[in-house]
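Reader: I'm a first-year student and I'd like a close look at one part of this protein. Could you pick out a single histidine's surroundings and walk me outward from there into the rest of the fold?

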Amino acid sequence: MLSASGPSFWRIELPHSASAVPLARALVRTALADLGTAATDCDTAELLTAELVANAVEHTSSSTPIELVVELLPSGCQVEVHDGDPEPPGNLDRSSDDACPDPWQEHGRGLLLIRTLSSDCGHRRTDSGKAVWFRLPAAG
């Protein structure tokens, strides 16, 4: 279900499956274009959105929906992925001593990408689980 809640906000429910990842990438690009944020780096927004959605699909119960929220901010945009698990997503804290992920491991780079490429990121509890978010600045 898609709803535009004003000129600066998009919210859409995604399937709880791997098909949500490419769908979310296309939707975030469309939402940013629709919201008039051509100045925001859409490629980075797509990449980070894909990481958040992939984590939600992999680490939460398939009985709970995943929701994508894209919001235009005066300073850029914020993207949130809501899921039904209230547990924190892992380490989203920015740290100067970030360890490099093992290059032989299949997992472990998503949160590092989010911490590195976003201007801010975090998570918060919601009534139905949590929201994990990142912000991207307007391109200058």
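Author: Here is a walk that begins at one loop residue and works its way out through the core, the strands and a helix.

Keep in mind that this is a predicted model. For orientation, the protein has 3 helices and 6 strands, and from the N terminus on they come in the order β-β-α-α-β-β-α-β-β. The protein has 140 residues, and 40% of them count as buried.

Now to the spot you asked about. Look for H16 in the loop between β2 (9-14) and α1 (20-34). Is H16 buried or exposed? With a relative accessible area of 18%, H16 is buried, because anything under 20% counts as buried.

What does the side chain of H16 hold on to? One partner is T60: the two side chains are joined by a polar contact of 2.8 Å. Then there's S61, whose backbone oxygen sits 3.0 Å from a polar atom of the H16 side chain. If you skip residues up to four places away in sequence, H16 touches A56, V57, T60, S61, S62, T64 and I66.

Pick T64 out of that list and have a look at it too. T64 belongs to the loop between α2 and β3. The side chain of T64 also reaches the backbone oxygen of S61, at 3.0 Å. So that you can place T64 fully, here are its contacts beyond four places in sequence: H16 and G84.

Next, step back along the chain from H16 to L14. Again leaving out neighbours within four places, L14 is in contact with A20, L23, A24, L27, V53, I66 and L68. L14 is part of the largest nonpolar core, which has 31 residues. Those with the most contacts inside this core are L14, V53, L68, V70, I114 and F134. Who supplies the core? β2, α1, α2, β3, β4, α3 and β6 each bring at least two residues, and α2 gives the most, with 8 residues.

L68 takes us from the core to the strands. The bridge partner of L68 in β4 is V81. Strand β3 (residues 66-73) and β4 run antiparallel and are joined by 7 bridges, and a hairpin of 2 residues leads from β3 to β4. How well covered is strand β4? Mostly covered: 8 of its 8 residues, 76-83, are buried. β4 also pairs with strand β6 (residues 129-137), again antiparallel, through 8 bridges. Within that pairing, G76 stands opposite P137.

G76 and P137 turn up again around T40. You'll find T40 in the loop between α1 and α2 (42-59). T40 counts as buried at 5% relative accessibility. Not counting neighbours within four places, T40 is in contact with L32, G76, C77, L136, P137, A138 and A139. Check A138 in particular: T40 and A138 are 98 residues apart along the chain, yet their C-alpha atoms are separated by 4.7 Å. Across the protein, residues 24 or more positions apart account for 61% of the contacts with a separation of 6 or more.

One more piece: helix α3 (residues 110-117), home of the core residue I114. Buried residues in α3 are G110, L111, I114 and R115. Why do they line one face of the helix? Seen down the axis of α3, the buried residues fall within an arc of 135°, so they sit along one face. There's a handy rule behind such patterns: an α-helix has 3.6 residues a turn, so residues three or four places apart point the same way. The buried residues of α3 pack against α2, β5 (120-126) and β6.

L92 meets that helix from a loop, the one between β4 and α3. At 6% relative accessibility, L92 is buried. Beyond four places in sequence, the contacts of L92 are L111, I114, R115, C121, G122, H123 and V132. L111, I114 and R115 in that list are among the buried residues of α3. L92 also lies 9.5 Å from D120, C-alpha to C-alpha, with their positions 28 residues apart in sequence.

Last, turn to the outside. The protein exposes about 7,500 Å², and carbon and sulfur atoms supply 54% of that. To retrace the route, go back to H16 and its polar contact with T60, move on to L14 in the core, and follow L68 across to V81 in β4.

Key:
Residues numbered from 1 in each chain as written. Predicted model: local features only at pLDDT ≥ 70, side-chain atom pairs only at ≥ 80, totals over all residues. Heavy atoms only, no water. Helix = DSSP H or I, 4+ residues; strand = E, 2+ residues; numbered from the N terminus. Buried < 20%, exposed > 50% of the residue type's maximum accessible area, 1.4 Å probe, protein only. Polar contact = N/O pair within 3.5 Å; in protein donor to acceptor, adjacent residues only side chain to side chain. Contact = heavy atoms within 4.5 Å. Pairing = 2+ DSSP bridges. Arc of directions from axis to C-beta. Core = buried A, V, L, I, M, F, W, Y, C linked by side-chain atoms within 4.5 Å. Areas by Shrake-Rupley, 256 points an atom, 1.4 Å probe, with all protein chains shown as cover.
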